[in-house]
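Hi everyone, thanks for coming. I'd like to walk you through one structure today, so please have the sequence and the 3D view open.

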Amino acid sequence: HTIALQKNGSFISLEPGGQVELSAAPEKSTHEAKAQLDEFFFQLRTIAKFIGPIIWIASGVHPFSRLKKIEWVPKTRYKIMAHYLGRKGKYAHDMMKRTATNQINLDYHNEEDAICKMRLALAVTPIAAAMFANSSISEGKLNGFQSERLNIWRHTDPARSGLILKLICAHCSFEDYLNFVLDVPMMFIVRHGKWVVTRHLTFRKFIEKGFKGTRPTQSDFELHLSTIFTDARFKQYMELRGMDGQRSHLIPAVFAFWKGILYDEEARACAAKLLKGFSEKEILKLHRDVERLGLKAKIKRILVLDLARQLT
């Protein structure tokens with residue numbers, strides 16, 4: 001089974017429910033990134049003509065098929081994840097097979113810049129999620145949510161998904177994020193080309209005691225990082241993942257929004273000032289309220305729509 005393709009630094013892969021994901025090579029401008037998307041959509045339309053009739057759907061959740069009707073992509077990683085996460089959250093399999101996001105990857109200058117961007121991004125995420133809500137239809141009918149995807153992710157695995165409120169603080173560091181990652185339970189490692197399930201093992205314990213005679217490697221740690229599903233996370237870059245998948249022509253608006261706020265010092269300062277008076281508890285409650293209310297949700301009696309207008 002072909003489950004991934006690679007060309008010129010970009011990857012096209014299949015997610016657990018058959019979602020088609022483009023992992024594009026880094027670009028310097030939103031225009032260059034949009035050009036990559038345009039080429040990707042052209043390829044999808046071309047393929048559809050050869051193997052159709054096919055229509056590609058761009059949404060935060062699958063709007064028509066029921067969970068049981070969506071087949072699993074035959075990948076060992078997904079099989080292990082399905083078993084593990086199925087015991088952690090009631091909507092874990094919905095997350096894997098029915099949801100989609102547009103993940104925005106940004107760089108940073110140094111640790112201080114990275115933490116500043118992460119802290120602000122997490123505070124802005126509930127507002128961005130409301131602005132880009134696009135998952136109100138499931139199984140062919142309205143589901144009562146503006147963003148059902150948010151609700152599904154909240155009920156996936158509280159140890160590794162959602163907002164990392166610990167990082168919305170004035171003196172956080174890479175060490176704080178590292179400690180968070182080290183204490184998240186591992187799912188698997190790869191040895192000699194085979195996927196090995198790890199049970200009740202955090203990466204911290206893996207470092208201290210090893211696992212079945214093996215010691216951790218950098219590849220193990222990078223693999224573990226890929227199982228952290230928070231709304232924002234660090235790899236070799238910062239990844240923002242708290243918004244629903246958009247209709248294709250609106251995807252550039254997502255990375256334009258985040259670049260405009262996080263890459264401009266004046267915009268970043270204004271956004272931080274706008275959100276300064278909100279507590280962690282209030283931000284978390286807003287994140288949940290946005291699931292059903294979207295832009296009509298409120299924080300301290302302030303309408304999210306009004307905050308969104310000021311951020312843009």
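**Salt bridges, patches and a hairpin**

Let's begin with Asp 157 and Arg 160, which form a salt bridge whose closest N and O atoms are 2.8 Å apart. Before going further, please keep in mind that this is a predicted model. Are the two partners, Asp 157 and Arg 160, buried or exposed? Both Asp 157 and Arg 160 turn out to be buried.

That pair belongs to a wider set, as the structure holds 15 salt bridges. Another of them joins Arg 98 and Glu 148, whose side chains meet at 3.1 Å, N to O. Arg 98 lies in helix α3 (residues 92-98) and Glu 148 in helix α5 (residues 148-154), so this pair ties together parts that are 50 residues apart in sequence. How do these two stand in terms of cover? Buried means under 20% relative accessible area. Arg 98 has 7% relative accessibility, so Arg 98 counts as buried. Glu 148, at 11%, counts as buried because of that cut-off as well. If you have both side chains on screen, please add Asp 94, because there is a network here: Asp 94, Arg 98 and Glu 148 are linked by salt bridges.

Now let's turn to Asp 183. Its side chain forms a salt bridge with Arg 204, with 2.8 Å between the closest N and O atoms. Here the pair links distant parts of the chain, with Arg 204 in helix α7 (residues 203-209) and Asp 183 in the loop between α6 and β8 (188-191), 21 residues apart. As for accessibility, Arg 204 is partly exposed, with a relative accessible area of 26%. Asp 183 also counts as partly exposed, at 44% relative accessibility.

On to the surface. Which residues gather in a patch of negative charge? They are Glu 111, Glu 112, Glu 175 and Asp 176. The elements giving two or more residues to this negative patch are α4 (111-131) and α6 (174-182). Take Glu 111, found in helix α4: at 36% relative accessibility, Glu 111 counts as partly exposed. For a sense of scale, Glu 112 and His 83 are 29 residues apart along the chain, and their C-alpha atoms are separated by 38 Å. His 83 is found in helix α2 (residues 76-86), and is partly exposed with a relative accessible area of 47%.

There is a nonpolar patch to look at too. Ile 47, Phe 50, Ile 51, Ile 54 and Trp 56 make a nonpolar surface patch of about 520 Å². If you'd like one residue to click on, try Trp 56, found in the loop between α1 (30-51) and α2. Trp 56 has a relative accessible area of 38% and is partly exposed.

Last stop, the hairpin. How do strand β1 (residues 4-7) and strand β2 (residues 10-14) pair? They pair in the antiparallel sense, over 4 bridges. Looking at one position, the bridge partner of Gln 6 is Phe 11 in β2. The hairpin of β1 and β2 has 2 residues between the strands, and Asn 8 takes a positive phi near 50 degrees there. While you have the strands in view, remember that in a regular strand the side chains alternate between the two faces of the sheet.

That's my tour. Thanks for listening, and I'm happy to take questions.

Terms used
Residues are numbered from 1 along each chain as its sequence is written. This is a predicted model: local features need pLDDT of at least 70, side-chain atom pairs count only at pLDDT 80 or more; totals for chains, interfaces and linings use all residues. Side-chain values use heavy atoms; hydrogens and water are left out. Two strands pair if DSSP finds at least two bridges between them. Patches are made of residues with over 30% relative accessible area and no salt bridge: like charges are joined within 9 Å, nonpolar side chains (Val, Leu, Ile, Met, Phe, Trp, Tyr) within 5 Å. Accessible areas come from the Shrake-Rupley method with a 1.4 Å probe; for residues, only the protein chains shown count as cover. A salt bridge is a side-chain nitrogen of Lys or Arg within 4 Å of a carboxyl oxygen of Asp or Glu. Lys and Arg count as positive and Asp and Glu as negative; His and the chain ends are not counted. The place of a charge is taken as NZ of Lys, CZ of Arg, CG of Asp or CD of Glu. Buried means under 20% relative accessible area, exposed over 50%, partly exposed in between (1.4 Å probe, protein chains only).
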